[in-house]
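Let's take a walk through this model together. Keep the viewer open and click along as we go.

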Amino acid sequence: MDSLTQIVLGAACGEAVLGKKIGNKALLFGAIGGTIPDLDVYIGSLIYNNEIDAMLFHRGFMYSILFSVLAAFLFGWVTYKLYNSGKRLHTTTKNDWVRLFFWSLFTHPILDCFTPYGTQLFTPLSNYRVAFNNIAVVDPIYTLPFLICIIVLMFFNRKSNKRKLWLKLGLGISSVYMLLTLGNKFYIDTIFRKSMAEHHIKFNRYSTQPAIFNNVLWYGIVETDASYFMANYSLLDRKNRFLNFKELPKQRDLNPSEFDDIKDLAWFSNHYYSVYKVTDNAYRYNDLRYPILDENDPNSSVFSLTLYKDGNRLNIKPFEPQFDDFKTAMSDLWERIKGI
């Protein structure tokens, strides 16, 4: 999920493990641990000269169970050596710090597994991307109550039972909401299958996910032999069906057989994608797991990349959002959430 959410969850892990011993400093160290996996964005850019490789590195090894274990021992040992000195000598143990970093590191990829982006939990044994698609990458209803509870507990003494109460409240509210989104996902999938049946769409597979910032408006895509069909549905719609299915061809102006980079990007998109030639040396790659903003423009995908030939490989230009006016985009999103 977004960085703020991961900081909050990491801080909660720090509080749960070491809050009674070191107070608010546990929140700080937990927040640091919860941020570490996201640093793979910068590390990937340092390791790779190709931007596709750097992008695919994200949510890879540094999001794996193995990394959580190895990094917990490393950061735990280093922090123990640096922290336990002077007046702080013997106030904490090495195991305390290892547990703090393990939980703050491990919960980061676990939380991200619930989003549509996908997380390679089992690297290097498998590159399978775990994605439950039940919550958006940014969802204020999950984050804000949790954040408020963490802020409130900071004002109590580290040994106060009220501190533990607010921690449990924050974890409880966020966990209950996550369970509700899982139930919502099950309901949405049921509605989507009924909608496809009514439209006589014979599908090979399908995928649904919530729109950004909410769990009310959902997007669905279905793959057939020749094309994709897309539609959306709000829980506030008058009819409990996905309506206005839009058909998109399986456009492949670059094929995986031509470039391994297309094969890698197709894997990244779970093979929901299209590639359109723009110029002699520019192509538009659309990750169709995410909705298109203009149903009349197949290249208006929320996650759209500009590819260009770079030697015997492909590369990507810096990502540019597919909307010019954020305020208008949010207004349109709100109008659609309210239902039709």
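Before anything else, keep in mind that this is a predicted model. A good place to start is Ser160, which caps the N-terminal end of helix 8. Zoom in and you'll find a side-chain oxygen of Ser160 sitting 3.1 Å from the backbone nitrogen of Lys162.

From there, follow the helix itself. Helix 8 covers residues 161-198, 38 residues in total. From its first C-alpha to its last it reaches 56 Å, close to the 56 Å expected at 1.5 Å a residue. Just after helix 8 comes His200, where phi turns positive, at about 55°.

Keep going along the chain and you run into a hairpin. Strand 1 (residues 205-210) and strand 2 (residues 217-223) pair in the antiparallel sense, with six bridges between them. If you want one pair to click on, Arg205 has Glu223 in strand 2 as its bridge partner. Six residues lie between the two strands, and in this hairpin Phe213 takes a positive phi near 75°.

Next up is a sheet. Four strands make an open sheet in the order 5-6-7-8, with antiparallel pairing. Strands 5 and 8 are the edges, each pairing on one side only. From one strand to the next, the twist averages 35°. Strand 5 and strand 6 are joined by six bridges in the antiparallel sense, and Tyr273 has Asp287 in strand 6 as its bridge partner.

While you're at the sheet, have a look at Ser304 in strand 7. Is Ser304 buried or exposed? Its relative accessibility is 2%, so Ser304 counts as buried. Its side chain does have a polar partner: a contact of 2.9 Å joins it to the side chain of Asn286.

Now for the greasy part. Nonpolar side chains tend to be buried together in soluble globular proteins. Here, the largest nonpolar core has 20 residues, and Met55, Ile262 and Leu307 have the most contacts inside it. Which elements give two or more residues to this core? They are helix 4 (51-57), helix 9 (260-268), strand 5 (273-279), strand 6 (282-287), strand 7 (304-310) and strand 8 (313-316). Helix 9 provides the largest share, four residues.

To see the packing from one spot, center your view on Met55. Leaving out residues up to four places away in sequence, Met55 touches Tyr117, Leu265, Phe268, Phe303, Leu305 and Ile316.

Note on methods:
Residues are numbered from 1 along each chain as its sequence is written. This is a predicted model: local features need pLDDT of at least 70, side-chain atom pairs count only at pLDDT 80 or more; totals for chains, interfaces and linings use all residues. Side-chain values use heavy atoms; hydrogens and water are left out. A nonpolar core is a set of buried Ala, Val, Leu, Ile, Met, Phe, Trp, Tyr and Cys residues joined through side-chain atoms within 4.5 Å. Buried means under 20% relative accessible area, exposed over 50%, partly exposed in between (1.4 Å probe, protein chains only). Contact means heavy atoms within 4.5 Å. The expected span of a helix is 1.5 Å times one less than its number of residues. A polar contact is a pair of N or O atoms within 3.5 Å; within protein, one must be able to donate a hydrogen and the other to accept it, and residues adjacent in sequence count only if both atoms are side-chain atoms. Two strands pair if DSSP finds at least two bridges between them. Axes are lines fitted to C-alpha atoms, for helices over the stretch in contact, and angles run from 0 to 180 degrees between N-to-C directions.
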